[in-house]
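Biologist: I would like to take a close look at a single part of this model, and I would be glad of a careful explanation that a first-year student can follow.

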Amino acid sequence: MISQRELLIRGSEKVIGHYELLLANAKTEQERELYLQRIERERRLIRDLQGGQDHRAA
């Protein structure tokens, strides 16, 4: 059975994939920046999830 943490990580990975598609088709610099920021936010979430409980307690 898949853990909640693994499910959240896979969901964030999918979100990143969607933002990368949007980024590839961005028409303006503002759009590009928005998508890059959102991709980085999702990557931070993944790092936090992979760090687990110990990371948050530190």
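Biologist: How many helices and how many strands does the chain have? After that, please look closely at α1: which of its residues are buried, and what are they in contact with?

Modeller: The chain has two helices and zero strands, where helices (H or I, at least four residues) and strands (E, at least two) are DSSP runs numbered from the N terminus. This is a predicted model, in which local features need pLDDT of at least 70 and side-chain atom pairs count only at pLDDT 80 or more, while totals for chains, interfaces and linings use all residues. Residues are numbered from 1 along each chain as its sequence is written, and side-chain values use heavy atoms, with hydrogens and water left out.

The predictor's confidence in each residue is called pLDDT and runs from 0 to 100; its mean over the chain is 91, and 88% of the residues reach 70 or more. Over residues 54–58, however, pLDDT stays under 50, and the model has one contact beyond four places in sequence for them. Where pLDDT is low, the predicted coordinates should not be read in detail.

Now to α1 itself. With its 21 residues, α1 should span 30 Å at 1.5 Å a residue, and its end C-alpha atoms are indeed 30 Å apart, which agrees; the expected span is 1.5 Å times one less than the number of residues. Its buried residues are I9, S12, I16 and Y19, where buried means under 20% relative accessible area, exposed over 50%, and partly exposed in between, with a 1.4 Å probe and protein chains only. Seen down the axis of α1, these buried residues fall within an arc of 80°, so they line one face of the helix; the arc is that of the directions from the helix axis to the C-beta atoms. An α-helix has 3.6 residues a turn, so residues three or four places apart point the same way. On the other side of α1, Q4, L7, K14, H18 and L21 are exposed.

What does the buried face touch? S12 counts as buried because its relative accessibility is 8%, and, leaving out residues up to four places away in sequence, S12 touches E42, L45 and I46; contact here means heavy atoms within 4.5 Å. I46 lies in helix α2 and is buried too, with a relative accessible area of 9%. With the same kind of neighbours left out, I46 touches I9, S12, E13 and I16, and although I46 and R5 are 41 residues apart in sequence, their C-alpha atoms are 9.2 Å apart in space.

Further along α1, Y19 is buried at a relative accessible area of 15%, and, leaving aside neighbours within four places in sequence, Y19 is in contact with Y35, R38, I39 and R41. Y35, for its part, is in contact with Y19, L22, L23 and A26, again with such neighbours set aside.

Several of these residues come together in the largest nonpolar core, whose eight residues are I9, I16, Y19, A26, Y35, I39, I46 and L49. Such a core is a set of buried Ala, Val, Leu, Ile, Met, Phe, Trp, Tyr and Cys residues joined through side-chain atoms within 4.5 Å. The elements that give two or more residues to this core are α1 (4–24) and α2 (29–57), and the largest share, four residues, comes from α2. In soluble globular proteins, nonpolar side chains tend to be buried together.
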